[in-house]
Amino acid sequence: MARIRKLSDFVANQIAAGEVVERPASIVKELIENSLDAGAHLIKISVDQGGVKRIAVQDDGVGIPADDLRLAVSRFATSKITRAEDLDGVHTMGFRGEALASVASVARLAITSSVSARGAGAILAIEGGTETRFAPAAHPVGTTVSVEDLFFNTPARRKFLKSERTEFGHVNDVVRRLGLAYGDVGFELIRGDRNVERLPAKRGFTMRVENLLGPDFLTQSKPVDAKTDGMHLHGWVGLPTYTRSQSRHQYFFVNGRSVKDLLVGHAVRQAYRDVMFHGRYPVFVLYLDLDPENIDVNVHPTKHEIRFRESRRVHDFVFGSLNRLLSDSRPGKDLAPTSVTLHKSGYSTRGGYQNPMSLSQLVADIKPAVVGLGTHGVSAQNNQSGEIPPLGYALAQLHGIYVLSQNAEGLVVVDMHAAHERITYEKLKADHSAQALARQRLLVPVACDVTPVEADLVEEQAQALSDFGLIIERSGVNSIVIREVPALLADSDIENMVLDLLGELSEVGTSDVIKAKAEELLANMACHASVRANRRLSIPEMNALLREMEITPNAGQCNHGRPTFMVQSLSEFDQLFLRGQ
Ligand code: ADP
Ligand code: MG
């Protein structure tokens with residue numbers, strides 16, 4: 001082995017660049033952060049060929065004195081911290097003093113800057129770590145950094161770059177994230193010669209969010225504003241009905257830094273878990289502000305991850321605040337304009353959940369006073385307290401899919417499958433967590449063929465399955481017999497439900513994980529049990545469904561986050577028919 005030697009600065013910088021400079025977007029991020037640290041009000045970013053050919057970031061910040069330019073690009077040179085203790089309370093985006101030096105080692109870098117209004121600035125150019133130019137240059141107060149031919153001297157790394165479109169996509173994402181974090185700073189993103197993003201300065205966060213996520217997001221979301229000792233969470237969470245198939249539209253900022261933090265990510269997902277499933281992603285913009293002493297951003301050079309000093313408390317605060325907000329979407333709440341209140345309609349006062357109830361039982365359970373009212377006008381239907389329930393009284397069924405009902409406001413249209421699914425799920429969940437899931441013995445046990453792995457699972461996880469209300473026995477190498485099922489699901493397609501469940505369990509594995517995923521598994525079971533389209537419901541059955549929805553948490557959405565009902569008010573109809581105009 002060779003003798004130990006100290007690496008040259010150039011090699012050290014290239015190694016550091018391996019961490020900091022992954023792709024054009026990482027350079028854009030470092031440069032914009034420098035501009036923000038310099039107090040810029042307007043930042044213009046232009047990129048050619050996804051940033052591989054050229055990146056230029058121009059700002060109107062404080063600028064760099066000509067005498068400091070060389071220092072700015074040398075390693076570990078920073079104006080932002082001086083002592084190790086400063087690391088405990090970093091208020092700036094940068095502090096490592098590595099970015100410019102790293103970029104200078106893997107691309108052609110030029111910095112033009114001025115600190116005086118008379119334009120007496122300077123330019124410093126460096127190629128592959130070697131200075132090629134240092135001269136006076138005119139520039140308004142502020143700085144322009146340009147980076148050309150990324151990885152020109154490290155072809156191996158160049159190979160890892162993706163298509164121009166992909167790289168530009170990452171650049172755009174960086175600009176959007178920083179744009180959301182700094183709502184008052186102006187940003188312009190120029191691709192080639194096209195202006196693709198123009199975010200005006202000083203219009204505030206709401207405008208910025210509207211600019212970046214579209215006006216729909218604001219109407220389809222709930223504002224968040226929660227405070228606790230030393231922490232403030234604010235922003236917007238999209239309603240569970242406003243989802244995307246990708247997680248890209250999720251923004252979380254901690255003290256102005258966009259983070260992809262596992263801990264907070266988990267807290268947010270948990271909060272949505274009850275109201276959304278199956279490959280849909282919520283949209284949100286959330287800001288968490290807390291004392292800088294309570295976080296450590298120095299975990300990773302790109303600072304995407306941070307460490308919280310009291311991680312459990314942060315997690316619970318985020319989860320708690322969002323969970324309250326999101327589960328608060330029962331029908332009565334969202335039908336705010338009417339004076340109708342929940343739980344006052346005579347028959348819905350039994351409160352809490354009753355044990356097993358299939359749709360038919362559900363109907364039998366309803367007090368006679370209500371049954372049969374559906375065919376009359378609303379005025380005739382008012383119960384003792386004189387109030388029309390939030391979801392009104394059923395009028396008819398449309399194409400075997402929707403229940404039409406009349407409430408004080410106008411017409412309610414309910415997706416009966418979605419609604420029934422939600423009701424069943426909430427009952428299963430409540431019973432499961434109370435360990436009181438009632439089972440029903442099948443008159444004719446159901447035999448089915450499974451894979452040997454699934455049959456093993458039936459043996460190994462007998463306890464977990466019985467917690468889910470299922471008594472299943474193995475009857476051969478690859479066959480099982482289902483003997484008991486949750487009473488709530490007795491009418492459903494049992495074979496397929498169990499096969500689906502086993503399929504999922506074999507992926508999930510251990511008992512611990514099964515416990516953790518219990519609600520998701522229950523949701524899938526509920527899906528199998530719910531009324532399918534084209535099932536004829538009688539008016540009392542429909543009314544039963546409506547009343548059941550009114551007392552079910554989260555009844556506004558099915559388990560997949562789709563809405564379960566909508567209301568069309570009389571005045572909306574009047575408008576449609578141009579009445580009174
Ligand atoms: P860091 O941001 O961690 O300090 P950098 O390598 O990114 O390290 O920048 C080094 C120094 O150069 C900064 O501390 C700052 O003093 C100066 N600098 C870089 N970019 C700008 C800019 N756009 N405006 C003013 N000063 C800048
Ligand atoms: Mg920096």
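Colleague: In this predicted model, is glutamate 33 buried or exposed, and at what relative accessibility?

Modeller: A residue counts as buried when its relative accessible area is under 20%. Glutamate 33 falls under that cut-off and is therefore buried. Its relative accessibility is 2%.

Colleague: Which residue meets the side chain of glutamate 33 in a salt bridge?

Modeller: Side chains of opposite charge can pair when their charged atoms come close. The partner of glutamate 33 lies four residues away in helix 2 (residues 24-37), a separation of about one helical turn. This partner is itself buried, with a relative accessible area of 13%. The N to O distance of the salt bridge is 3.2 Å, and the partner is lysine 29.

Colleague: How far apart are the closest N and O atoms of glutamate 426 and lysine 429?

Modeller: Both residues lie in helix 14 (residues 416-433), three residues apart, which is about one turn of the helix. Glutamate 426 and lysine 429 are both buried. They form a salt bridge, and the closest N and O atoms are apart by 3.5 Å.

Colleague: Which parts of the chain does the salt bridge between arginine 474 and glutamate 459 tie together?

Modeller: The closest N and O atoms of arginine 474 and glutamate 459 are 3.0 Å apart. Arginine 474 counts as partly exposed, at 25% relative accessibility. The two residues belong to parts that are 15 residues apart in sequence, so the pair ties together strand 22 (residues 471-476) and helix 15.

Colleague: Why do the buried residues of helix 15 lie on the same side of that helix?

Modeller: Helix 15 spans residues 452-460, and its buried residues are Glu454, Ala455, Leu457 and Val458. They lie on the same side because they cover only a limited arc around the axis, namely 155°.

Colleague: Which exposed residues does the face turned away from the buried side of helix 15 carry?

Modeller: The buried side is that of Glu454, Ala455, Leu457 and Val458. The face turned away from it carries exposed residues, namely Val453 and Glu460.

Colleague: Which residues linked in a network of salt bridges with Glu127 and Asp149 are also in contact with valine 147?

Modeller: Valine 147 is found in strand 6 (residues 142-148) and is buried, with a relative accessible area of 1%. Leaving aside neighbours within four places in sequence, its contacts include Ile27, Leu31, Lys53 and Arg108. The network links Glu127 and Asp149 with two residues that appear among those contacts, Lys53 and Arg108.

Colleague: How many salt bridges does a search of the whole structure find?

Modeller: The pair of lysine 29 and glutamate 33 is one salt bridge of this model. A search of the whole structure gives a total of 20.

Note on methods
Residues numbered from 1 in each chain as written. Chains lettered and ligands numbered in written order. Predicted model: local features only at pLDDT ≥ 70, side-chain atom pairs only at ≥ 80, totals over all residues. Heavy atoms only, no water. Buried < 20%, exposed > 50% of the residue type's maximum accessible area, 1.4 Å probe, protein only. Arc of directions from axis to C-beta. Salt bridge = Lys/Arg side-chain N within 4 Å of Asp/Glu carboxyl O. Contact = heavy atoms within 4.5 Å.
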